[in-house]
Amino acid sequence: MSNIEAFQGIYVAMYSAYNEQGDVDAERVKNLARYYVGTGVKGLYVGGSSGEGILQTAEERKLVLEAVMEEIRGELKVIVHVGANSTRESAELSRHAELHGADAISAVPAIYYRLSEAAVEKHWQQMIDSSNLPFIIYNIPQTTGFQLSPKLLEKLAAQPKVIGVKMSGESTFDLQQYKVAGGEDFLVFNGPDEQFLAGRIMGADGGIGGTYGVMPELFCKLNELYLDNRVAEAQELQYKINAIIKRLLSYPSLYGAAKYILSLRGVDTGQPRLPLLPVREEDHDSLAVLNGDILALVAEYSAR
């Protein structure tokens with residue numbers, strides 16, 4: 001089976017799951033992972049930006065993955081973000097992911113330091129060499145300050161274990177260039193949720209996104225419409241999704257808002273970890289309205 005056949009599709013960038021004291025809660029992690037089974041998504045992206053992996057210790061990140069794999073192994077694909085500031089820690093997380101049966105690993109460059117391309121390459125190479133799992137590059141220059149060049153991507157993609165890139169930069173031209181540089185069986189995942197359809201049209205094989213977490217069915221439907229060549233309908237749905245995203249972004253805490261919406265559906269995941277802000281009590285009523293609007297849109301499109 002080709003890499004594209006094995007991995008293409010919709011992946012929820014899974015949120016964090018803490019108890020009331022702010023500690024990782026394995027049972028809440030399991031409940032959250034279970035929530036997405038049966039929604040139509042291909043898999044979960046664990047420990048990335050939406051999952052607050054950068055804000056957690058290595059031991060906490062391991063606990064999250066172990067809970068996910070215990071709950072849904074074999075039911076959904078699991079891609080684990082193993083990137084950390086320390087290359088040594090990243091390699092350790094890579095080995096742990098393989099040990100516990102993840103399907104692939106992924107990583108951003110180290111943050112804070114402004115690293116050269118050679119330094120980033122060496123950082124990623126340590127992770128690639130630390131396990132036998134497929135590796136998916138994570139390009140998100142807005143937060144890391146590093147823009148992946150097609151030249152470096154092409155060099156890394158020449159290795160059999162490097163199977164794709166999560167493209168969270170804002171340029172669909174860059175996305176298309178990565179697709180060309182990677183070759184015929186190289187995966188490109190669209191990152192910006194608000195331009196999922198544009199990414200697919202420009203060559204993405206699927207998407208990995210944080211707002212998918214409160215409306216996975218809508219992104220699965222959007223992908224279905226694209227595959228059925230119902231582009232006008234897909235555009236209409238992308239506009240409706242973007243209206244929801246705009247409302248989510250109007251809150252001081254995107255992740256706090258999303259996690260509160262899930263709590264209204266019986267999936268408690270606690271508050272985000274500081275410095276990410278908690279949801280404000282004054283926003284509860286409007287978030288309940290937003291939740292109702294999302295569920296109504298899901299019902300409308302599930303009937304189409």
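How many bridges join β7 to strand β8, and in which sense do the two strands run? Keep this in mind while selecting the first stop. The model on screen is predicted.

**Stop 1: strand β7 and its partners**

Select residues 187-190, which make up strand β7. Both faces of this strand are covered. On one side are Leu187 and Phe189, on the other Val188 and Asn190, and all of them are buried.

Now add residues 206-209, strand β8. Two bridges join β8 to β7, and the strands run parallel, which settles the opening question. To find one of the bridge partners, pick Asn190 in β7 and look across to Gly207 in β8.

Next add residues 162-167, strand β6. β6 and β7 also pair in the parallel sense, here over four bridges. Asn190 appears again in this pairing, since Met167 stands opposite Asn190.

Show the helices that link these strands. Helix α8 (residues 172-182) forms a right-handed β-α-β unit with β6 and β7. Helix α9 (residues 196-201) makes a right-handed β-α-β unit with β7 and β8.

**Stop 2: Val46**

Select Val46, which is found in strand β2 (residues 43-46). Is Val46 buried or exposed? Val46 counts as buried because its relative accessibility is 3%, and the cut-off for buried is under 20%.

Show what surrounds Val46. Leaving aside neighbours within four places in sequence, Val46 is in contact with Met14, Val64, Val68, Val78, Ile79, Val80 and His81. For a sense of distance, also pick Glu281: from C-alpha to C-alpha, Val46 and Glu281 are 28 Å apart in space, and they are 235 residues apart in sequence.

**Stop 3: a patch on the surface**

Turn to the surface and select Tyr112, Tyr113 and Leu115. These residues form a nonpolar patch with about 390 Å² of accessible area together. Tyr113 lies in the loop between β4 (104-107) and α5 (117-130). Tyr113 counts as exposed because its relative accessibility is 57%, and the cut-off for exposed is over 50%.

**Stop 4: salt bridges**

Side chains of opposite charge can pair when their charged atoms come close. In this model the count comes to 20 salt bridges; the tour visits some of them.

Start with Glu27 and Lys30, whose side chains meet in a salt bridge at 3.5 Å, N to O. Both belong to helix α2 (residues 26-36), and because they are three residues apart, about one helical turn separates them. Glu27 is partly exposed, with a relative accessible area of 47%, whereas Lys30 counts as buried at 11% relative accessibility.

Stay on helix α2 and select Arg34 together with Glu75. Their salt bridge has its closest N and O atoms 2.8 Å apart. Glu75 lies in the loop between α3 (58-72) and β3 (77-81) and Arg34 in helix α2, so this pair ties together parts that are 41 residues apart in sequence. Glu75 counts as partly exposed at 42% relative accessibility, as does Arg34 at 31%.

Move on to Arg230 and Glu233. This pair forms a salt bridge with its closest N and O atoms 3.0 Å apart. Arg230 is partly exposed at 26% relative accessibility, and Glu233 is partly exposed with a relative accessible area of 29%.

For the last selection, which residues are linked with Glu236 in a network of salt bridges? Add Lys240, Glu300 and Arg304 to the view to see the network.

Terms used: Residues numbered from 1 in each chain as written. Predicted model: local features only at pLDDT ≥ 70, side-chain atom pairs only at ≥ 80, totals over all residues. Heavy atoms only, no water. Buried < 20%, exposed > 50% of the residue type's maximum accessible area, 1.4 Å probe, protein only. Pairing = 2+ DSSP bridges. Right-handed = clockwise from strand over helix to strand, strands pointing away. Patch = residues over 30% accessible without salt bridge, like charges linked within 9 Å, V, L, I, M, F, W, Y side chains within 5 Å. Areas by Shrake-Rupley, 256 points an atom, 1.4 Å probe, with all protein chains shown as cover. Salt bridge = Lys/Arg side-chain N within 4 Å of Asp/Glu carboxyl O. Contact = heavy atoms within 4.5 Å.
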